[in-house]
Amino acid sequence: MTEEGPDGDWVVRAISGGGAVKAYRCPGCDQEIPPGVAHVVAWRSDDRDGRDRRHWHRPCWQARGRRSPRIMRSRGAPRY
């Protein structure tokens, strides 16, 4: 299925829990998607071979437009 969004057109595939046999790292929350957990795989529609596909938790994929980039801060760094 192809989805249009403010960040471009994406090819999105749903992966069932039974089809998820490896662990992946979600780019939306930077947490692991363990084997057996349903999720989505998405890549830009202009990436014909899907080399840049990423595995996302479904809620993270749906919220990608509302999130700011994840900024890693040291423990004592100011939050401005």
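Which pattern does the protein follow, read along the sequence? The pattern is β-β-β-β-β-β-α. The model shown in these views is predicted.

**Figure 1. Overview of the predicted model.** The protein has six strands and one helix. Along the sequence, the elements follow the pattern β-β-β-β-β-β-α. The chain has 80 residues, and 28% of them count as buried. Its accessible surface comes to about 6,100 Å². Carbon and sulfur atoms hold 49% of that surface. Take the contacts between residues at least 6 apart in sequence: 46% of these join residues at least 24 apart.

**Figure 2. An open sheet of four strands.** The strand order is β1-β2-β5-β6, and pairing is antiparallel. β1 and β6 (54-56) are the edge strands, and each pairs on one side only. Neighbouring strands in this sheet are turned against each other by 35° on average, direction ignored.

**Figure 3. The β1-β2 hairpin.** Two residues link β1 to β2 in this hairpin. Strand β1 covers residues 2-5. Its pairing with β2 is antiparallel and spans four bridges. Two of the bridge partners can be picked out here. Thr2 is partnered by Val11 of β2. Glu3 is partnered by Trp10, also in β2.

**Figure 4. The β2-β5 pairing.** These two strands run antiparallel and are joined by six bridges. Val12 has Ala42 of β5 as its bridge partner. Arg13 stands opposite Val41, again in β5. Which residues does Val12 touch, not counting those up to four places away in sequence? They are Met1, Glu3, Val40, Val41, Ala42 and Trp61. Ala42 is thus named twice for Val12, as a bridge partner and as a contact.

**Figure 5. The largest nonpolar core.** Ten residues make up this core: Trp10, Val12, Cys26, Cys29, Ile33, Val40, Ala42, Trp56, Cys60 and Trp61. β2 (8-15), β5 and α1 (58-62) each supply at least two of its residues. Val12 is a core member, and its contacts include Val40, Ala42 and Trp61. These three residues also belong to the core.

**Figure 6. His39 in strand β5.** The strand spans residues 39-44. Is His39 buried or exposed? His39 counts as buried because its relative accessibility is 1%, under the 20% cut-off. A polar atom of the His39 side chain lies 2.9 Å from the backbone oxygen of Val37. Neighbours within four places in sequence aside, His39 is in contact with ten residues named here in sequence order. On the N-terminal side these are Arg13, Ala14, Ile15, Ala20, Tyr24 and Ile33. The others are His55, Trp56, His57 and Arg58. Among these contacts, Ile33 and Trp56 are members of the largest nonpolar core.

**Figure 7. His57 in the loop between β6 and α1.** His57 has a relative accessibility of 19%, so this residue counts as buried. The cut-off for buried is under 20%. Where does His57 make its contacts, not counting residues up to four places away in sequence? His57 touches Cys26, Cys29, Gln31, Glu32, Ile33 and His39. Cys26, Cys29 and Ile33 are part of the largest nonpolar core. Pro27 is 30 residues away from His57 in sequence. In space, their C-alpha atoms are 8.9 Å apart. The contact with His39 links this view to the previous one, where His57 is listed among the contacts of His39.

Conventions: Residues are numbered from 1 along each chain as its sequence is written. This is a predicted model: local features need pLDDT of at least 70, side-chain atom pairs count only at pLDDT 80 or more; totals for chains, interfaces and linings use all residues. Side-chain values use heavy atoms; hydrogens and water are left out. Buried means under 20% relative accessible area, exposed over 50%, partly exposed in between (1.4 Å probe, protein chains only). A polar contact is a pair of N or O atoms within 3.5 Å; within protein, one must be able to donate a hydrogen and the other to accept it, and residues adjacent in sequence count only if both atoms are side-chain atoms. Contact means heavy atoms within 4.5 Å. A nonpolar core is a set of buried Ala, Val, Leu, Ile, Met, Phe, Trp, Tyr and Cys residues joined through side-chain atoms within 4.5 Å. Two strands pair if DSSP finds at least two bridges between them. Axes are lines fitted to C-alpha atoms, for helices over the stretch in contact, and angles run from 0 to 180 degrees between N-to-C directions. Accessible areas come from the Shrake-Rupley method with a 1.4 Å probe; for residues, only the protein chains shown count as cover.
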